[in-house]
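Ready for some practice at reading a protein model? Work through the exercises below with the structure open beside you, and try each task before you peek at the solution.

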Amino acid sequence: MMNIHLLRKTFYKTLFPPKFGNKKIQLLYNFVSQNDSDAEYWTIDGQLNEFIGIIKNFEASDIQYFFERISLWNSYYLVIISDKFLDSHVKANVNYDLGKIYAKIFLLYEEADPYFLIDNLEIAVTMYDSKIDVATLIDLISKIEMLQHKKLITKQQRNYNIQFINSLNDELSS
């Protein structure tokens with residue numbers, strides 16, 4: 001059963017899309033919203049190339065703005081963006097740590113659908129050889145524990161991801 005609040009929020013965002021005060025974030029939002037229906041078929045000579053063109057010029061302030069306004073995003077769009085981070089063409093053309101950004105999206109993602117992101121958390125962090133700070137690692141463990149407690153992920157998913165995060169912590173310590 002879908003939460004009435006989430007349904008109302010999704011309906012409102014569909015009729016009245018957010019207006020961002022950052023041109024790069026607005027461009028990304030508009031692009032993803034216009035291409036969400038065929039996101040699984042984006043190609044390097046089409047939408048994937050456009051996506052790369054939009055995000056490769058982001059600066060630290062753009063990324064910070066993105067996270068400050070993450071609640072304005074449709075959760076499906078966040079899944080699309082996170083999924084595209086895992087594309088080898090994106091990795092080859094973007095010069096910042098998208099694994100770290102993926103982890104932060106996972107932390108801030110609405111509780112209703114976290115299982116879309118948890119299965120690729122290790123892939124994203126490993127792919128970008130992400131250097132995740134201790135505070136974020138602790139937050140990841142807490143979120144994973146909460147997801148398992150609410151029965152949104154299995155105990156096996158919980159155990160696997162906790163073990164992975166602990167290995168990242170061990171790397172920081174050595």
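**Exercise 1. Get the overall picture**

Task: Find what share of the protein chain counts as buried, and list its secondary structure.

Solution: Keep in mind that this is a predicted model.
- Step 1. The chain has 174 residues, and 42% of them count as buried.
- Step 2. Now go for the secondary structure: there are eleven helices and zero strands. Read from the N terminus, the order is α-α-α-α-α-α-α-α-α-α-α.
- Step 3. Look at contacts with a separation of 6 or more: 71% of them join residues 24 or more positions apart.

**Exercise 2. Two helices side by side**

Task: Work out how α10 and α11 are oriented to each other, and which residues meet between them.

Solution: Two packed helices are described by the angle between their axes and the distance between the axes.
- Step 1. Locate the helices: α10 covers residues 134–149 and α11 covers residues 155–173.
- Step 2. Their axes come within 10 Å and cross at roughly 170°.
- Step 3. Angles over 145 degrees count as roughly antiparallel, so α10 and α11 are roughly antiparallel to each other.
- Step 4. On the α10 side, the contact uses V134, L137, L140, I141, I144, E145 and Q148. Facing them in α11 are K155, R158, N161, I162, I165, N166, L168, N169 and L172.
- Step 5. Sort the residues of this contact by class and you get nine nonpolar, four polar and three charged.

**Exercise 3. An enclosed space**

Task: Describe the largest cavity and say which helix gives the most to its lining.

Solution: Rolling a probe the size of a water molecule over the atoms shows where empty space is left.
- Step 1. Count first: the structure holds one cavity of 30 Å³ or more. The largest cavity has a volume of about 90 Å³.
- Step 2. Its lining is made up of L28, I55, F58, I63, F66, F67, I81, F85, Y96, L98 and I101.
- Step 3. Check the classes: eleven are nonpolar, with no polar and no charged residues.
- Step 4. α4 (60–68), α5 (75–85) and α7 (98–108) each supply at least two lining residues. α4 gives the most, with three.

**Exercise 4. Zoom in on L28**

Task: Is L28 buried or exposed, and which residues does L28 touch?

Solution:
- Step 1. Find L28 in helix α2, residues 23–34. L28 also helps line the largest cavity.
- Step 2. Its relative accessible area is 3%. The cut-off for buried is under 20%, so L28 is buried.
- Step 3. Leaving out residues up to four places away in sequence, L28 touches F51, I54, I55, F58, W73 and I81.
- Step 4. Take F51 from that list: L28 and F51 are 23 residues apart along the chain, yet their C-alpha atoms are separated by 7.5 Å.

**Exercise 5. A pocket and two loop residues**

Task: Describe the lining of the second largest pocket, then look at D129 and K151.

Solution:
- Step 1. The second largest pocket contains about 180 Å³ of space. V125, T126, D129, S130, K131, I132, F164, L168, E171 and L172 line this pocket.
- Step 2. By class, that's five nonpolar, two polar and three charged residues. α11 gives the most, with four residues.
- Step 3. D129 lies in the loop between α9 and α10. With 51% relative accessibility, D129 counts as exposed. Its phi is near 45°, a positive value in a residue other than glycine.
- Step 4. K151 lies in the loop between α10 and α11. K151 counts as exposed at 71% relative accessibility, and its phi, near 60°, is positive too.

Conventions. Residues are numbered from 1 along each chain as its sequence is written. This is a predicted model: local features need pLDDT of at least 70, side-chain atom pairs count only at pLDDT 80 or more; totals for chains, interfaces and linings use all residues. Side-chain values use heavy atoms; hydrogens and water are left out. Axes are lines fitted to C-alpha atoms, for helices over the stretch in contact, and angles run from 0 to 180 degrees between N-to-C directions. Angles under 35 degrees count as roughly parallel, over 145 as roughly antiparallel, 65 to 115 as roughly perpendicular and the rest as oblique. Contact means heavy atoms within 4.5 Å. Ala, Val, Leu, Ile, Met, Phe, Trp, Tyr, Cys and Pro count as nonpolar, Asp, Glu, Lys and Arg as charged, and the others, Gly among them, as polar. On a 1 Å grid over the protein atoms alone, a cavity is a set of points where a 1.4 Å probe fits but cannot get out, and a pocket is an open set with protein on both sides within 12 Å along at least five of seven lines; lining residues have an atom within 4 Å of a point. Grid points are joined across faces, edges and corners, and a volume is the space filled by probe spheres set on the points. Buried means under 20% relative accessible area, exposed over 50%, partly exposed in between (1.4 Å probe, protein chains only).
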